[in-house]
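Biologist: Could you take one helix and describe it closely, together with what lies around it? Please give the cut-offs behind each term as you go.

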Amino acid sequence: MGFAVHAVGKGVEGVAAAWEHHPDLITVDLNLPDIDGLDVAGYIRARSEAPMLFITARAELEDEMAGMASGAAAYLTKPFHPRQLTEAVNQLCPAGPLSAHGRNQST
């Protein structure tokens, strides 16, 4: 889809990456080894307005509501079809990986 991807495995690393790279889209898993994804979203949201897509195995309505309240623009439950991810990304970044600043950015 034209995005450069910066993948990390821990919440602390994700927060740092979001602050460093100023991404056009941020994906967050709720089940991280070091920090809950809801906390990660809160830390990121404090310094970034980029849309956040939660991708998680937590399928309870309460989890989804908490995710949306923490700043997520969309919530995708695992397992999912690749097309569902593509559709969510297209909705959150309809112009693709071109930022409001007019330059290509990373996710």
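Modeller: What follows begins with the whole chain, turns to helix α2 and its surroundings, and ends with the backbone and the confidence values.

This is a predicted model, in which local features need pLDDT (the predictor's confidence in each residue, from 0 to 100) of at least 70 and side-chain atom pairs count only at pLDDT 80 or more, while totals for chains, interfaces and linings use all residues. Residues are numbered from 1 along each chain as its sequence is written, and side-chain values use heavy atoms, with hydrogens and water left out.

The protein has 4 helices and 3 strands, where helices (H or I, at least four residues) and strands (E, at least two) are DSSP runs numbered from the N terminus. Read from the N terminus, the order of these elements is α-β-α-β-α-β-α. Of its 107 residues, 37% count as buried, a term that means under 20% relative accessible area, with exposed meaning over 50% and partly exposed in between (1.4 Å probe, protein chains only). If contact is taken as heavy atoms within 4.5 Å, then 56% of the contacts with a separation of 6 or more are between residues 24 or more positions apart.

Within helix α2, the buried residues are G37, V40, A41 and I44. They lie on the same side of α2, because they cover an arc of only 100 degrees around the axis, the arc being that of the directions from the helix axis to the C-beta atoms. An α-helix has 3.6 residues a turn, so residues three or four places apart point the same way. The cover over the buried residues of α2 includes α1 (11-21), β1 (26-28) and β2.

L38 also belongs to α2, which spans residues 37-45, but L38 counts as partly exposed, at 23% relative accessibility. Leaving aside neighbours within four places in sequence, L38 is in contact with L30, F54, A66, G67 and S70. Between L38 and V28, which are 10 residues apart in sequence, the C-alpha to C-alpha distance is 8.6 Å.

One of those contacts, F54, leads to a further feature, since the structure holds 1 aromatic pair. The rings of F54 and Y75 have their centres 6.2 Å apart and their planes at 35 degrees, so the pair is tilted; rings of Phe, Tyr and Trp (its six-membered ring) pair if their centres lie within 6.5 Å, and planes under 30 degrees apart count as stacked, over 60 as edge-to-face and the rest as tilted. The pair links distant parts of the chain, with F54 in strand β2 (residues 52-56) and Y75 in strand β3 (residues 74-77), 21 residues apart. F54 is buried at a relative accessible area of 0%, and Y75 is buried at 13%.

Two backbone details deserve mention. K78 and P79 are joined by a cis peptide bond with omega of about -10 degrees, and P79 is found in the loop between β3 and α4 (82-92). H22, in the loop between α1 and β1, has a positive phi of about 50 degrees although it is not a glycine, and H22 counts as partly exposed at 48% relative accessibility.

As for confidence, the mean pLDDT of the protein is 88, and 89% of its residues reach 70 or more. Over residues 98-107, however, the pLDDT is below 50, and this stretch has 23 contacts in the model beyond near neighbours in sequence.
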